[in-house]
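Dear colleague,

I am passing on a structure that you have not yet worked with, and below it you will find my notes on what turned up when I went through it. Please read them with the model open beside you.

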Amino acid sequence: EWNDTYHETRDKLQDLRRNAQILEGRIQSLRVIVEQYEGFNRAVRTVMNLKKTRKGILGTVSDVIRVEKKYRTLVETALGGNYQNVIVKTEEEAKTLIGILKEERAGRATFLPLDAIRASEGITDRSLFSEPGVIGTADTLVEADPIYSEAIRYLLGRFLAVDTVDHALAIARKHRHSVRIVTLEGEFLNVGGSISGGAFREKEG
């Protein structure tokens, strides 16, 4: 009996070790993706490679925000390509980095200088917030260090977050397509009436 227990336990331990190795490998490959900004455009990668030596580079938008899983698709939709924007301390730093990108012919990047960025008023029609299905503005669904709050409001403050596409369509019709609406499943209703939707590929995000 003791023998059986011993063998069972030994087998379990071997399984756990194997799983641990697989997970360790996964952690390593994800770390490489994060550190090398895989999936980002060349200009952003070029800039982020300078981060260690240039204190004015704070990170990309995706570096500085945290989003609960249930809001992730909504926030990704509202951000679009802006998740690659590079947050820098000053306009001066942005100007220098643009110079470096030109010299190296490394492509274009968008910079958000914290000393200059000013969010618009966002959604001024307060009646929108009492419509059925409204969660709030998209910037309120994101966690970040307070130093980035103006930049996040600048990127996300004009988007109304709504639970379902049916609620979104009802709001859009009622308010004559005057507001940008994003849903939990990633539908986007733009000012003027266009609607985008579908599904992200598994790898995105």
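The secondary structure of this chain, which is a predicted model, amounts to seven helices and ten strands. Of its 205 residues, 35% count as buried, and the radius of gyration is 22 Å, whereas a compact globule of 205 residues would have one near 17 Å. Taken along the principal axes, the C-alpha atoms fill a box of roughly 75 × 50 × 30 Å. Among the contacts between residues at least 6 apart in sequence, 61% join residues that are at least 24 apart. The accessible surface comes to about 13,400 Å², and carbon and sulfur atoms account for 49% of that area.

I then looked at one element in detail, namely helix 5, which covers residues 91-103. Its 13 residues reach 19 Å from the first C-alpha to the last, close to the expected 18 Å. The buried residues of helix 5 are Glu93, Ala94, Leu97, Ile100 and Leu101. Seen down the helix axis, these buried residues fall within an arc of 120 degrees, so they line one face of helix 5. That agrees with the general rule that residues three or four places apart point the same way, because an α-helix has 3.6 residues a turn.

What covers these buried residues includes helix 2 (42-48), together with strand 1 (57-60), strand 3 (86-88) and strand 4 (111-113). On the face of helix 5 turned away from its buried side are the exposed residues Glu91, Lys95, Lys102 and Glu103. Helix 5 is followed by arginine 105, which has a positive phi, near 45 degrees.

With best wishes

Terms used. Residues are numbered from 1 along each chain as its sequence is written. This is a predicted model: local features need pLDDT of at least 70, side-chain atom pairs count only at pLDDT 80 or more; totals for chains, interfaces and linings use all residues. Side-chain values use heavy atoms; hydrogens and water are left out. Helices (H or I, at least four residues) and strands (E, at least two) are DSSP runs, numbered from the N terminus. The expected span of a helix is 1.5 Å times one less than its number of residues. Buried means under 20% relative accessible area, exposed over 50%, partly exposed in between (1.4 Å probe, protein chains only). The arc is that of the directions from the helix axis to the C-beta atoms. Contact means heavy atoms within 4.5 Å. The radius of gyration is taken over C-alpha atoms; the globule rule is 2.2 Å times the number of residues to the power 0.38. Accessible areas come from the Shrake-Rupley method with a 1.4 Å probe; for residues, only the protein chains shown count as cover.
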